[in-house]
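Me: I would like to learn how to read a protein model feature by feature. Please give the general idea each time, then the case at hand.

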Amino acid sequence: MTTRGAWFMRDIPVVIWLTTAVIVALIHPFFDSSRWLLVHLVALGGFTHSIMVWSLHFTNALLKTPDVESRRTQNIRLILLQLGMLAVFIGVPTTLWWLTILGAALISGVILWHAAMLTYRLRIALPGRFRISVRYYIVAAAFLPVGAALGVLLARGLPGDWHGKLLVAHTMVNLLGWVGLAILGTLVTLWPTMLRTKMADGAERASVRALPILAIGLSLVVASPLVDLTWLGVMGVGLYLVGTGVVYVPIIQAARRKAPHSFPTLSASAALLWLPIALVTLAVKILTDGWATLAQSYGVVTVMFLVGFALQMLFGALSHLVPVVIGGGPRPLKAGIAEINRLGTWRVVTANLAIALCLLPVPSIVRVILSAIALVALALALVFILRAIIVMIRTKRAMDHADDGELPKPEPMATPKVSAPQVIASVAVIALGASLGVGLDPTAAGLGSTPQSPVAQEQVEPTGEVTEIEVTAADMRFSPASVDVPVGNELVIHLTNTDASEVHDLVLDNGVDSGRLAPGESTTIEVGVITEDLEGWCSIVGHRQMGMVFDVNAIGATSADGNEHDHSGVVTPGTGAAAELDFMASWPEDFEGYDPKLEPAPETTIHEYTFEVIEETIEVSPGVEQIRWTFNGDSTGPTLRGNIGDTFRITLVNNGTMGHSIDFHASHLAPDEPMRTIAPGKSLVYEFTADRAGVWMYHCGTAPMTAHIGAGMAGAIIIDPPDLDPVDHEYIITQSELYLGGNGEAIDVDKALAAQADAVMFNGYVNQYIDNPLQVTTGDRVRFWVLNNGPNKPLSFHIIGGQFDTVYKEGTYQLRNGRGPLDPADYDDGGAQALDLMPAQGGFIELDFPEAGHYTMVNHIMADAEHGAKGIVEVTD
């Protein structure tokens, strides 16, 4: 293979990035909620590298300046570009912001270096035609660093509607600027070459006129969300559309001379159709939607620009360029082009029909199937490009080893034609895919809706009126969570998924199903005539259990006994106060909760306390109250602290309505007298000396202990180990369980004895440290004392993003400053991820937080974390 022919080797990273994108798409299709990686693998990985390679190739060809810099220097630039991409692909998903900044800076620097070298070539080149294409590349490169900077800000996270504003600006400056201008600048010379026809008169002049219009229009599009002027964005899109039309005039003229027929030209033609469609769609959305709403429904615009326009143009251009650049003579070229054109009509028609249908309000399962078909049709371009390369190499090798007389005279290259049978096959495949989707989910297609109850429907006369409601799905809730519908009315629900990342749906117990909605997607659900109450929920695994339910209340419906339904005080399904638990609810600003901050042990060796038993109604979760049996009136007992050898003297006063007692695990004495149950109004003195270190539990020992501990009568007493290391902060975290009866009532003892907890709590309140995080500074050494009060559930204490270098459990160090008990003295890099504690076990862990952020502490038995056993450690610089 010639040195010139080896140019295509630089496109190997493009194939790698796009192949990776295909793999990602197989797991998360185009329209799934997790599309960031897929979009950037294609746009950043595939397009950016390809533009870098081919813009330099076309510049050298147009300006005749191939030797300005060495191939080694060019390759170094491409390697640095790949490193920058890797940094971004790793930094954004892992929230390593410094790595994201490094990657974006590296990419921007490489692109500006590339633009500087193009500018230098332009300055030293002799006058010639189509220098305008190089100017397109330079202007495109100038826009990319702006897009990179906006992308870094998006990765950091922004408040309010700024995320939506910057998302629009970031995507448009990259897709219309870096990608769009590079494509439009190339087409002036590439398009007639692909068609093998004469260039239209005035093509160069049209490109010259269009560039300032495109650049100004794009600048207005990018500026409009930043200055919050939607009319400015519409004007900018309009100008860009005008500039595109100017470029399209010679393109259309060339196509009239010779119509597109091969896969490269058909793919490029389809791409050219999608660009104005996408621009008009964007203008309409800017005009009708706010920036936040536009960002939520941005998937439609992204697919049009990224898949419809850019990806198809890339595949079309590469399919034409790779065989031509490899070269090797007429025979290899003919063999390669034949491979490129295999199933060409079917691939283009199938992909574009599938994309178009996916953008319509079709059922979710239909969209998934059609997007998979589009993916296959598009990905085949990579397969046939690779096949073309292999065939060309084999043909060239065969020619090199054959005598001239053995080779027949090459036949003229046949002109491929648009295949009518392949068009029919495309339509058949799309129809089959859509039919399969409808068959799998007929209710989402409006074919499987069933009436609520045949008996009830016979008794209800339709009123002819329609009740319509707008419902949003976000943060594991439907809003509103119920609707009142007069019996006989038809119900129509307009459902929108406004969540930032989660897929949701709405399923009603009469069989009506919205189908799955990606973030930003909407659908209309025709429920039918309402004859009786209906329950609804999100069917995504776990979402219903998190409280994502919806009720249809049939007003005027009668029950089997002939009485009208009473919908006053309707709550979500459940029993007692448990039905009102909302694990996503926030605590009010004036909520105080339990202060977990610990002070050092008092210097005195005698510790005297009075524990008053109080039965008090306490709000244990937002909107949920329980009568708690307490020591001193809090939802969990106070934390005591001392040293080995200290004496503790506790006076227990029973001001409750039943017998209570107290049991200190830190004491070492006969339980008969100090741990006895005392009647209401009585008191006792419990005195003991702390003989051993540890995190010890104390609790009421009156039967049934499950109920007394579960109702709040438990706490921690810390006896410091004698060689305790100094730290900057200390916190106490106790875990306990919640067993609810009615709201504001006492513990449900049956639930407690069956170990059927409604919630799990840190320090006596559900999720109290989500809205009131623990405050720490970067670099601080922090110790968490942890006790599992139970009475029934285990605890696996973990801090997301943290690593423990010291673990102390039940009186002994398992790990200390990175060293285990049997490790050599010079080994200090061991770590731990969780402290496992059964009920009545305790210990502590130590760690530091190297960078600012929000670290979630959880019981890593995740069902318990999702039911209240979690909090946040907020680390600031």
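The dialogue below goes through strands, a histidine, a helix, cores, cysteines and unusual backbone angles.

Me: What should I know about the model before starting?

Reply: This is a predicted model, in which local features need pLDDT of at least 70 and side-chain atom pairs count only at pLDDT 80 or more, while totals for chains, interfaces and linings use all residues. Residues are numbered from 1 along each chain as its sequence is written, and side-chain values use heavy atoms, with hydrogens and water left out.

Me: How are strands and their pairing defined, and which strands pair with strand 4?

Reply: Helices (H or I, at least four residues) and strands (E, at least two) are DSSP runs, numbered from the N terminus. Two strands pair if DSSP finds at least two bridges between them. Strand 4 pairs with strand 1 (residues 466–474) in the parallel sense over eight bridges, and Thr-467 has Leu-491 of strand 4 as its bridge partner. Strand 4 also runs antiparallel to strand 6 (residues 522–529), joined by seven bridges; there Ile-493 is bridged to Ile-525.

Me: Is strand 4 largely enclosed or left open?

Reply: Burial is judged by relative accessible area: buried means under 20%, exposed over 50%, and partly exposed in between (1.4 Å probe, protein chains only). Six of the eight residues of strand 4 (residues 490–497) are buried, so the strand is largely enclosed by the rest of the structure.

Me: What covers the two faces of a strand such as strand 22, in terms of burial?

Reply: In strand 22 (residues 806–809), Thr-806 and Tyr-808 on one side and Val-807 and Lys-809 on the other are all buried. Strand 22 is antiparallel to strand 25 (residues 842–848), with four bridges, and Thr-806 is the bridge partner of Glu-846. Three bridges link strand 22 to strand 23 (residues 812–815), again antiparallel, with Tyr-808 bridged to Tyr-813. The hairpin of strand 22 and strand 23 has two residues between the strands, and Glu-810 takes a positive phi near 50° in this hairpin.

Me: In what order do the strands of the open sheet with strand 15 lie?

Reply: Four strands form this open sheet in the order 11-16-15-13, with mixed pairing. Strand 11 (640–643) and strand 13 (663–664) stand at the edges with a single partner strand each, so one side of each has no neighbour in the sheet. Strand 15 and strand 16 (residues 714–720) pair in the antiparallel sense over six bridges, and Val-695 is bridged to Ile-718.

Me: How do I read the surroundings of one residue, say His-699?

Reply: Two terms help. Contact means heavy atoms within 4.5 Å. A polar contact is a pair of N or O atoms within 3.5 Å; within protein, one must be able to donate a hydrogen and the other to accept it, and residues adjacent in sequence count only if both atoms are side-chain atoms. His-699 lies in strand 15 (residues 694–699) and counts as buried at 6% relative accessibility. Its side chain makes a polar contact with that of His-665 (3.1 Å). Leaving aside neighbours within four places in sequence, the contacts of His-699 include Phe-631, Ile-662, Met-705 and Ala-714.

Me: Where does helix 11 bend?

Reply: The bend at a residue is the angle between axes fitted to the seven residues ending there and the seven starting there. Helix 11 (residues 299–326) bends by about 30° at Ala-310. Of its 28 residues, 26 are buried. Just after helix 11, Gly-327 has a positive phi of about 65°.

Me: What is a nonpolar core, and which helix gives the most to the largest one?

Reply: In soluble globular proteins, nonpolar side chains tend to be buried together. A nonpolar core is a set of buried Ala, Val, Leu, Ile, Met, Phe, Trp, Tyr and Cys residues joined through side-chain atoms within 4.5 Å. The largest has 121 residues, and among those that touch the most other members are Phe-47, Trp-191 and Phe-305. Helix 6 (residues 162–195) gives the most to this core, with 19 residues. Apart from it lies another core of 55 residues, including Met-697 and Tyr-855.

Me: How many disulfides are there?

Reply: A disulfide is a pair of cysteine sulfur atoms within 2.5 Å. By this rule the count is zero. Cys-538 is buried, with a relative accessible area of 1%, and Cys-700 is buried at 0%.

Me: Which peptide bonds are cis?

Reply: Most residues other than glycine have a negative phi, and most peptide bonds are trans. The bond from Ser-479 to Pro-480 is cis, with omega near -5°, and Pro-480 lies in the loop between strand 2 (477–479) and strand 3 (482–486). Another cis bond joins Gly-790 and Pro-791, with omega about 20°.
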